[in-house]
Amino acid sequence: MNRLRTRLILAFLAATILPFAATVWITTSLLDRSLGYATTGELDRLSRTLETTVRQFYQREREALKQDVDAGRAVPVKYADADLAAWPPDVRAFRDSGEAERFGLSGANGDHLDYMRRFDSGAGAMGGVEAYRRDLRGVQMGQLTAQLRETRRLVESIESRDLRRGFTLTLLLLLAAAWIASLAPLIYIAHRISQPIQQLTAGLTGFADGDWSRRLDTGRSAGSAPRDEVGRAVDAFNRMADQLQQSRERLVHLTRMASWQSLARKTAHELKNSLTPIRLTVEEMQARQPATDRAFMDQAVQIVVSEIESLERRVRAFSEFASEPPVNPEVLDVNALVQERVALLRPAHPDTTFSLRLDRATPLVLAGADLIRGILTNLLQNAAEAAGAGGTVIAITRRDGDQAAIEVHDSGPGLSAEARATLFEPTITFKKHGMGLGLSIAKSHALLSGGDITLVPGELGGAAFRVTLPSAALARAEAAS
Ligand code: ADP
C-alpha cells in the first residue's frame, strides 16, 4: 500500500476541511443577516396596510355617494328603457344582470366612482337606470389597485422561493467543486512524489537483503539532469549501488587472488625443495656412470633436466604470481605507455600488423608504471598470439567519463565460452607458452590501481579487452577528500 500518498492526501484533507467549514459557516451567517435586512417583510406589511386603507376609502366613498343620492344631493344621468339601444354597454350589462344597484370605477386610472340603480317612473310608465358619478379627487383607485396587486404578487413569489436554502446549496456546490478540483492535482502530485520514494525504499530493502543488482528507474532520458530532490535521491541510490557492487566484485576478486597466491607460494616452495635434490641426484648419477654406458644415461639425464627446468620455470611463475608487487603510483601518460609497449612487441611479431588509435583527450592517470606496463604487455602479447601471422592488433586510447580507457582488439579467433567463464581466474596450464596466470595478474593489478579490466565487443572479429584507470585529477581529488 502506498502509505506516503495516503498520508499526503489525508494531510490535504485535514488542512482544508477547517477553512472549508469556516467559509461555509461565515458565508451562511452573512447570508442570514443580509436576508434579515431584506425589505420583503416590510413590503409585505406595507402592502397589506395599504390594501386595507384603500378598501376602507372605497367603502367610505360608496357610502358618501349613496347618502348623497338618498338625500337628493346628487344628479343622475337617466337612461330610459325607451332608448335602450343607445345605452352604454356597462349600463346595459347592469340592467341585464337583475341586480338592484351596482358600484364601479370609471375615468382615467379609476379616479371616479359610479353608482347605478333602477327606477320606476310610475304606474304603467317605462322604468330605466339612474347613473351617479362621484369624483374621487385625484385618488386613482384603478392604478392603486393594480399596483397593490402587483406588489402582493411579487411578495408572494419571493416568499415562495426559499432564498436561504438556494444560496446555501449553491455555495456548497461551488466550494465542493473547487475542493475536488484541487484534490485531483494533489492526488497526482502525491503519486508522483510517493512512487519513487516507494521504489527507493524497496531498493534499499532489497539491498539490505542482499539483492545488489537492483537499480531504480529515474523516469527520464539518459544523461539529462534530475528534476528534483527525489530524482537526485534515486540517482544517488543507483550510483551508490553501482559503486558498492563494483567494490564488492573487486574485493571478491582480490580475496580469491590472495588465497590463490598463498597456495601458489606454498606449492612453489614445496616444488623448489624437491626439484633441487632431484636435479643434483640425477647429475650425480650421470657423473658416476662408466664411460661405456654413457649414451643412454646422457639422453635420460637431458630429458629429466629439461623437464626439471620446465617445472622450475613454472615455480618461478608461481612465485611471481604469489609476490605482491610494490605499488609506486605516479602520473602516467597512457598514450606514451601504449606506444612504448607496442614498439617493444613489434620485433617479436614481425608478421602481425599493430596499429594505434590514440586520443589526445585521454587523461593522465595515477598508477604504478610497472603494473600498467605488465597489464599492457600481457594484453598485447595475448592479442598478437591470437591474431597470428597476417593478423592485426589495434590499441585504442580515449577518455571515458572520469577515466582513461585503453582497448586492445585483435583479429584472432576470439574467446571460447569456456575461456570467457574463467578468463580472469588463475588456471594452471602446461602449454608451451603461457601459464594461464597472465590475465588474473593483470586484473588484480588493474584493481590495485583503482581501475578494472573487462571484455568488450571486438572491432576486428576477435577478442577485445578494455582497461580503465582513474584519471590523475580524480584520484588526487578523492585522496584529498
Ligand atoms: P597465458 O599466460 O596462458 O596467456 P592468460 O591469463 O594471459 O594466460 O590467458 C588465458 C587464456 O585466455 C589464454 O591461454 C587464451 O586461451 C585466452 N586468451 C587470452 N587472450 C586472448 C585473445 N586475445 N584471443 C583469444 N584467446 C585469448
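Asparagine 109 is partly exposed, with a relative accessible area of 40%, and in this predicted model the residue occupies the loop that runs between strand 2 (101-106) and strand 3 (112-120). Although asparagine 109 is not a glycine, its phi is positive, at about 60°. Most residues other than glycine have a negative phi. A second case is provided by arginine 137, a residue other than glycine whose phi is likewise positive and near 55°. Arginine 137 is placed in the loop between strand 4 (127-135) and helix 4 (141-160), and with a relative accessible area of 56% it is classed as exposed, since the threshold for that class is over 50%.

The domain assignment divides the chain into four parts, namely domain 1 (3-34 + 179-197), domain 2 (40-161), domain 3 (229-320) and domain 4 (324-480). Between the centres of domain 3 and domain 4, taken over C-alpha atoms, the separation is 22 Å.

Two residues in helices outside domain 4 were examined individually. Threonine 28 belongs to helix 1 (residues 3-36) and, at 12% relative accessibility, is counted as buried, because the limit for that class is under 20%. When neighbours within four places in sequence are left aside, threonine 28 is in contact with Thr168 and Leu171. Aspartate 242, by contrast, is found in helix 6 (residues 229-288) and is partly exposed, its relative accessible area being 38%. The C-alpha atom of aspartate 242 lies 9.5 Å from that of arginine 214, the two residues being 28 residues apart along the chain.

The largest nonpolar core comprises 33 residues, of which Ile372, Ile375, Ile453 and Phe465 touch the most other members. Two or more residues are given to this core by each of helix 8 (334-345), strand 7 (365-368), helix 9 (369-387), strand 8 (392-400), strand 9 (403-410), helix 11 (438-448) and strand 11 (464-470). Helix 9 supplies the largest share, with nine residues. For isoleucine 375, the residues touched, not counting those up to four places away in sequence, are Ala442, His445, Ala446, Ile453 and Val467. Apart from this core lies another, of 11 residues, which includes Leu65, Val69, Tyr115 and Met141. In soluble globular proteins, nonpolar side chains tend to be buried together.

An open sheet is formed by five strands in the order 6-8-9-11-10, with mixed pairing. Its edges are strand 6 (353-358) and strand 10 (452-455), each of which pairs on one side only, and the twist from one strand to the next averages 15°. Strands of a sheet pair through backbone hydrogen bonds, either parallel or antiparallel. The parallel sense is represented by strand 6 and strand 8, which are joined by six bridges; within this pair, arginine 357 has isoleucine 396 of strand 8 as its bridge partner. The antiparallel sense is seen where strand 9 and strand 11 pair over seven bridges, with alanine 404 standing opposite leucine 469 of strand 11. Strand 10 and strand 11 are also antiparallel and pair over four bridges, among which leucine 455 is matched with phenylalanine 465 of strand 11. Phenylalanine 465 is thus a bridge partner in the sheet as well as one of the residues that touch the most other members of the largest nonpolar core. Strand 11 is largely enclosed by the rest of the structure, because six of its seven residues are buried.

Helix 11 packs on this sheet, where it touches strand 10 and strand 11, and its direction makes about 130° with that of strand 10. The helix is mostly covered, eight of its 11 residues being buried. These buried residues are Leu439, Ser440, Ala442, Lys443, Ser444, His445, Ala446 and Leu447, a list in which both nonpolar and polar side chains, such as Lys443, are represented. The elements that cover the buried residues of helix 11 include helix 6, helix 7 (294-322), helix 9, strand 10 and strand 11. Of the buried residues of helix 11, Ala442, His445 and Ala446 are among those touched by isoleucine 375. Helix 11 is followed by glycine 450, whose phi is positive and near 85°.

Definitions and conventions
Residues numbered from 1 in each chain as written. Predicted model: local features only at pLDDT ≥ 70, side-chain atom pairs only at ≥ 80, totals over all residues. Heavy atoms only, no water. Domains from an automatic or database assignment. Core = buried A, V, L, I, M, F, W, Y, C linked by side-chain atoms within 4.5 Å. Buried < 20%, exposed > 50% of the residue type's maximum accessible area, 1.4 Å probe, protein only. Contact = heavy atoms within 4.5 Å. Pairing = 2+ DSSP bridges. Axes fitted to C-alpha atoms, helices over the stretch in contact; angles between N-to-C directions.
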